[in-house]
Amino acid sequence: MSIKESGHHFIAIIGGAVAGAEAASQLSRRGFRVVVFDQGKLPYGKIEDGLPMWHYKLRDKEEENINRKLNQPNIIYVPCIRLGRDLEFSDLLSWGFTAILLATGAWKDRPFPVDGIEPFVGKEIIYQNPLVYWFNHRHEPGYTGPEFDLKEDAIIIGGGLASLDVAKILMIDTVQKALKTHGIETDIFTLEHGIAAFLEKHNLTLEQIGLKGCTLYYRRRDIDMPLTPMPVDSEEKLEKARLVRQKVLENFQKKYLFRFEGCCIPNELIVEDGGLHGVKFQLTKIEGDRVIPLEQTIDVHGSMVVSSIGSIPEHIPGLPTENGVFKIKSPQSCQIHGLYNVFAIGNAVTGKGNINESVRHGREITEMIMDSFLDWHQDDYENWHRQTSVKVKQHMNEIIEVIERQKFLPDTVVQNILEKVESLQKKSGYEGDFEQWIKDHTPPRLENML
């Protein structure tokens with residue numbers, strides 16, 4: 001474990017993906033010693049596990065960026081260590097780090113807001129995060145993660161861009177299986193280019209292959225869906241944004257053949273003979289920014305429900321939270337309330353794991369670009385990652401000012417940290433060669449297996 005002599009400040013970063021890698025790189029370039037703990041073997045977070053696998057070119061590019069930022073002499077990597085499971089926050093705090101940065105992201109799905117769901121979760125009721133993880137990794141030899149049998153009549157509860165990705169996953173998976181029963185073999189990447197076009201090429205319709213298709217339900221109207229980062233600070237801009245939102249949704253529906261229903265809030269599960277048979281929705285109306293529930297309800301029958309209503313950071317014992325995210329003292333430095341040397345960055349601050357909300361947190365789009373905005377493409381996801389890095393850079397200036405005001409750590413504290421870090425590396429089987437570790441643990445890619 002070779003660490004360049006660089007003074008006696010030592011910073012711990014929890015999470016090595018876009019935000020964590022950017023923070024580590026910034027600190028390393030300033031001469032600080034850094035240790036990055038990540039819960040996975042690979043430090044890629046939702047680039048690997050939450051970005052749908054058809055974006056494999058972007059995935060590879062972003063993961064290479066992370067590798068470049070983390071593979072520096074002043075940065076120690078510790079894989080397979082999850083805060084709250086393998087290492088308690090109170091213990092980490094006692095090690096004596098100058099500062100601790102939480103770049104843990106937003107991995108926990110917001111609870112599905114209906115009573116009585118417990119017997120069905122993981123079976124008839126699926127959350128977005130495990131669904132995308134399964135979709136991305138199920139092809140890997142020895143896969144041991146969650147298993148799902150997606151149903152063609154699934155009910156999706158959502159409304160953001162992430163819920164459109166969920167609809168695509170459901171449609172791609174169920175269409176691929178249905179086509180196979182008709183003697184037509186195809187792959188995920190071909191269907192991702194457009195299900196409608198593929199079926200038309202084979203003179204088929206959804207009905208002819210025995211599918212009805214899934215339906216996305218949203219509590220507001222289609223024109224209210226958060227599908228564009230356009231500014232809406234005037235009535236004219238709001239109207240333009242609404243038209244673009246409709247076009248984005250219509251384009252997704254035309255390509256992937258799912259349905260959409262607005263002004264519906266899930267109210268109750270439809271359970272018969274112990275089995276889930278659908279959802280009772282309460283209808284709504286929109287008055288200004290308010291969602292007004294109506295007395296009228298509708299019964300929607302389906303054999304599976306997918307919840308795509310957003311993600312929040314997982315709770316870590318010892319850290320204060322507020323409204324599902326870490327409670328921070330200063331929006332500029334993202335200092336955790338009550339802890340002078342602990343900070344949150346990236347989605348650990350916003351608690352918004354879907355693409356669009358993260359973009360709105362740090363990106364402006366010109367109206368000229370948005371005029372022709374009909375779909376989300378790889379560039380949009382890439383811009384989201386770039387803006388996450390930009391936002392972290394802005395926060396890091398404030399954080400570094402706080403760090404530089406702290407006293408240098410004594411040699412004994414630094415040595416104690418190094419010994420504890422080395423012990424955790426041994427526990428994970430990591431021998432200190434970052435490049436070799438990445439090479440050994442990158443899973444086989446489906447695009448290379450076809």
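Two strands count as paired when DSSP finds at least two bridges between them. Helices (H or I, at least four residues) and strands (E, at least two) are DSSP runs, numbered from the N terminus. With that in hand, welcome to a short tour of the model above.

This is a predicted model, in which local features need pLDDT of at least 70 and side-chain atom pairs count only at pLDDT 80 or more, while totals for chains, interfaces and linings use all residues. Residues are numbered from 1 along each chain as its sequence is written, and side-chain values use heavy atoms, leaving out hydrogens and water.

**A three-stranded sheet**

Let us start with an open sheet of 3 strands, ordered β10-β11-β12 and paired antiparallel. Its edges are β10 (264-272) and β12 (290-301), each of which pairs on one side only. On average, neighbouring strands here are turned by 25 degrees against each other, direction ignored; the axes are lines fitted to C-alpha atoms, and angles run from 0 to 180 degrees between N-to-C directions. Strand β11 (residues 275-287) is joined to β10 by 8 bridges, and Glu272 has Gly275 of β11 as its bridge partner. On the other pairing, β11 and β12 share 9 antiparallel bridges, and Lys280 is bridged to Asp299 in β12.

**Positive phi values**

Three residues with positive phi are gathered here:

| Residue | Phi | Location |
|---|---|---|
| Cys80 | near 60 degrees | loop between β3 and α4 (89-94) |
| Leu257 | near 65 degrees | loop between α9 and β9 (259-261) |
| Gly288 | near 65 degrees | hairpin of β11 and β12, with 2 residues between the strands |

Neither Cys80 nor Leu257 is a glycine. For accessibility, buried means under 20% relative accessible area, exposed over 50%, and partly exposed in between (1.4 Å probe, protein chains only). Cys80 has 22% relative accessibility, so it counts as partly exposed. Leu257 is partly exposed too, at 24%.

**Nonpolar cores**

A nonpolar core is a set of buried Ala, Val, Leu, Ile, Met, Phe, Trp, Tyr and Cys residues joined through side-chain atoms within 4.5 Å. The largest one holds 51 residues, and those touching the most other members are Leu131, Leu150, Leu164, Val175, Leu179, Ile209 and Phe258. Helices α5 (128-137), α6 (161-181), α7 (188-192), α8 (195-201) and α9 (235-256) each supply at least two residues, and α6 gives the largest share, 11 residues. Contact means heavy atoms within 4.5 Å. Leaving aside neighbours within four places in sequence, Phe258 is in contact with Leu164, Ala167, Met171, Cys214, Leu249, Phe252 and Gln253. Apart from this core lies another, of 33 residues, including Ala19, Ala99, Val402 and Trp437.

**Helix α15**

Trp437 also leads us to α15 (residues 434-441), whose buried residues are Phe434, Trp437 and Ile438. Seen down the helix axis, these buried residues fall within an arc of 95 degrees, so they line one face of α15; the arc is that of the directions from the helix axis to the C-beta atoms. An α-helix has 3.6 residues a turn, so residues three or four places apart point the same way. The face of α15 turned away from the buried side carries exposed Glu435 and Lys439. Among the elements covering the buried residues are α3 (56-70), β3 (75-78) and α14 (411-428). At the N-terminal end of α15, Asp433 acts as a cap, with a side-chain oxygen 3.4 Å from the backbone nitrogen of Glu435.

Note on methods:
Polar contact = N/O pair within 3.5 Å; in protein donor to acceptor, adjacent residues only side chain to side chain.
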